[in-house]
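Trainee: Could you take me through the place where the two chains touch, and then show me how the parts behind it are put together? I'd like one connected walk-through.

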Amino acid sequence: MGVGPLHIIGNVLASDIRMATPILIAALGLLLVNEAGLLHIGVEGTMLIATLAAVAGSYYTGSVWGGLLCAIIAAGLMGLLFAFLTITLRANQTVVGVAINILGSGLSAAMNRVLFGVSTTIASIDTFKNLPIPGLSKIPVLGTAFFNQMPIVYIAFLLVPVISYFLFKTQPGLNLRAVGENPGAADTLGINVYRTRYIACVVGSMLMGVGGAFLSTGLLTFFSEEMVSGRGYIAIAAVIFGRYKPTGIMFASMIFMAGNVLANLLQVYGVGIPYYFLNMLPYILTVVALAMLGKSTMAPAAQGKPYRRG
Amino acid sequence: METKQNENIILEMRHIYKQFPGVLANADICLNVRAGEVHALLGENGAGKSTLMNQLCGLIKPTSGDIVIEGKVVHFNSARDAMAIGIGMVHQHFMLVPTMTVTENCLIGATDAGYLKLNYKQAAKRISELAEKYNLEIDPEAKVGDLAVGQRQRVEIIKALYRGAKILILDEPTSVLTPQETGELFNMIRSLTEKGFTVLFISHKLNEIKEICDRVTVLRLGRTEGTYNVAECTVNDLARLMVGRDVSFSIERKEGTEGEAMVQVRNLTLARDAHTNLLTDISFDVHAGEVFGIAGVDGNGQNELVECLTGAKHATSGTAMYEGKDLGKESTRQIMSSGVSHIPADRHKAGLILGMHLTENLILQDYYTPKFGKGALLDNRAIDTYASELIERFAIKTPSRYEYAGSLSGGNQQKVIVARELSRNPKFLIAMHPTRGLDVGAIEYIHGQIMKQRDDGAAVLLVSTELEEVMKLSDRIGVLFEGKLMGIVNPSETTVEEIGLMMGGTRLEDIRK
């Protein structure tokens, strides 16, 4: 392969897609939770727990897939906790979300020290490798961008049509949306609002866990404290900016993380902007995008409101 | 008049008890409904109607007692069970998702619509067929949020029919309709019963029960008063059964108290955005000693009009002159301190602070005046004395003046607001939905208090969606439709039909042409 502008574009795209993946999966998970009418700002904490669980799982099972499973279970448990507090006990969802973030931050750091000690050496673990799709990955430019990625990347982008179909073309999807828009109506139509919300919350959190696992065993190969570094919040922004539609969320994630790619690129080419300013780019993009969106949100009508039967 | 056991009973509720923590909502309620009849369930707020119906449609379970459908005892674990057996409920507050289409709304929770592949087209077709068969015109592809209230109700009925309902429960179905829409609804009900459906009609509007129902079961304080043939009862009989005493429906009206124009509203306009208005060119006068009623279906600009007159919103153009001031431009504090009182539409959200004591709620309008304190300090003794005085004068039933406003009954909460506002001896009283959700006794009392203000020379602006209330109290009536005044009429010279047409958007001059 030659080193020309096309080659750079291919690499930039590949890197944007890779960087967007954890945001995309977490945001799709959050979408399911939101559609059930739950306001969940604890994405960051849920992902953090999963980053550590993935590293630990990979370390002890010797397989990155074992790590992924651990991350899914850990994040699912966080989802269950969130569901219990907000659905059963009807606690304020914003407060519980904040608590999940603090818990995720503290628990992941503490567990890391328990499991791996306070040493500076990094445990060597199995991580995700690129899985080129035979044939397709040889297409110039696009091949590198789309078909020479890690397995989770493929899964993330396949989830976009899958979740889209689920939400808008299946009975459970319709029921889920009804619960988020008007739980009272759903209840009168025989839908178990509590159960629907529990399932959506746990499954959605599991997806956030996949996003977290990809951070620590895909993009990077180790756990470090606070390594999610705001990506959970960017996922929240991606759902809103993507107007609660899977495809919209996909583009939102890619636009936000293009800032990250650009920052890396500028750094490589040695533009005289300090590194720290460049690193702000994705966050600045997020703020600007949300500000442009203004008041016109498409959030489910019952989001954030606890439901009490009868 | 007690009806006998009769064959052809489709639904029976036997000795239903429902115990909530601290409240026995239903005590030994018996109900039997014949196939193909329109059976009324009559009772005041809190009589246990809703609780009983929620049990019938599977949302809650009875503490004891049996529900018998076509001779078989049934037990419902969820609304789905009740629907499966043919019970469909049209709730007072519609159970629809406004962002979805009519068809999607019918498909929510459906069990036969294809699990992983929704049969959307097939469902839309069936809805069209149902609509045609029962004269319920509706577009299956329309977004529910874009439909008018009457049409939404139709969607609810279709939704129930789509799920195979044979017994339709209509909970206060006319409370959101114009008289014409009510007429249409009654026609629908008649055509449904002709085709073999059974309708349970929940209401406290006696005239409607007389008009549409065959038999009536009266509930009072959670118990059954009895079941009667509607044809054998007068409206007064029904009222006595419902309330437990004689009720006076007329109101004493002193004539000739009307004075100068206290409030002059001229071309009042409030813009929503660059293209649409919430209020357009509203002009009317309210005279001293007059009740000026505003009728209209909820959401046609009543809120905005009152907000413009009380300083919550500032008019885009036009004026509302009161004592040389333009209410459309003043602040709420300036308006309220110049002899204007306001009974807000929503007593929980705007009328009271539920988490505060009665004493505090009673001085919300005047807490800053020297009467109740010096500087930043409140004079608690003066406040207590004042509160006790009002509680006695307005007969507010409360264990103590330190009770939280939120723990009183609806009627007593409304009395607290009325006490606070009327004790200020207003020259201009704005009363919005002053009796919404109250029982007959409390309504009587509050109507009396409003009329007393009028007789004492205050200008009263009464905004209500209860046409009966507006017709009864007002000296003149203006009708709002989509933010425009359709006309001003004198209640003695108009008819319900005429007002109904205006509520539906026809101008007075076009009606009387």
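Mentor: Sure, let's start right at the contact: chain B puts in 23 residues and chain A puts in 17 residues. On the side of chain B that touches chain A, the elements giving two or more residues are α2 (79-84) and α3 (102-107) of chain B. Of these, α2(B) gives the most, with 3 residues. Sort that side of chain B by residue type and you get 14 nonpolar, 6 polar and 3 charged. Keep in mind that this is a predicted model.

Now for chain A as a whole. Its secondary structure comes to 13 helices and 2 strands. The C-alpha trace spans about 65 × 45 × 40 Å along the principal axes of chain A. A compact globule of 310 residues would have a radius of gyration near 19 Å, and chain A has 20 Å, so the two agree. As for burial, 48% of the 310 residues of chain A count as buried. If you look at contacts in chain A with a separation of 6 or more, 76% of them come from residues 24 or more positions apart.

For one helix pair in chain A, zoom in on α6 (residues 151-169) and α11 (residues 246-268): their axes come within 8 Å and cross at roughly 150°. The crossing angle is why α6(A) counts as roughly antiparallel to α11(A). The residues in this contact are 4 nonpolar and 2 polar, with no charged ones. From α6(A) come A:Val160, A:Ile163 and A:Ser164, and they meet A:Pro246, A:Thr247 and A:Met250 in α11(A).

Back over in chain B, there's a sheet worth a look. It is an open sheet of 4 strands with antiparallel pairing, in the order β12-β11-β14-β15 (chain B). At its edges sit β12 (277-287) and β15 (325-326) of chain B, each pairing on one side only. Strands in a sheet pair through backbone hydrogen bonds, in either a parallel or an antiparallel way. Take β11 (residues 261-271) of chain B: 7 bridges join it to β12(B), and the two run antiparallel. You can find your place in that ladder from B:Val263, which stands opposite B:Val286 in β12(B). Finally, helix α9 (residues 302-309) of chain B lies across β11, β12 and β14 (317-322) of chain B, and runs at about 60° to β12(B).

Key: Residues are numbered from 1 along each chain as its sequence is written. Chains are lettered from A and ligands numbered from 1 in the order in which they are written. This is a predicted model: local features need pLDDT of at least 70, side-chain atom pairs count only at pLDDT 80 or more; totals for chains, interfaces and linings use all residues. Two strands pair if DSSP finds at least two bridges between them. Two residues are in contact if their C-beta atoms, placed from the backbone, lie within 7 Å. Axes are lines fitted to C-alpha atoms, for helices over the stretch in contact, and angles run from 0 to 180 degrees between N-to-C directions. Angles under 35 degrees count as roughly parallel, over 145 as roughly antiparallel, 65 to 115 as roughly perpendicular and the rest as oblique. Ala, Val, Leu, Ile, Met, Phe, Trp, Tyr, Cys and Pro count as nonpolar, Asp, Glu, Lys and Arg as charged, and the others, Gly among them, as polar. The radius of gyration is taken over C-alpha atoms; the globule rule is 2.2 Å times the number of residues to the power 0.38. A residue is buried if 20 or more other C-beta atoms lie within 10 Å of its own, exposed if 12 or fewer, and partly exposed in between; C-beta atoms are placed from the backbone.
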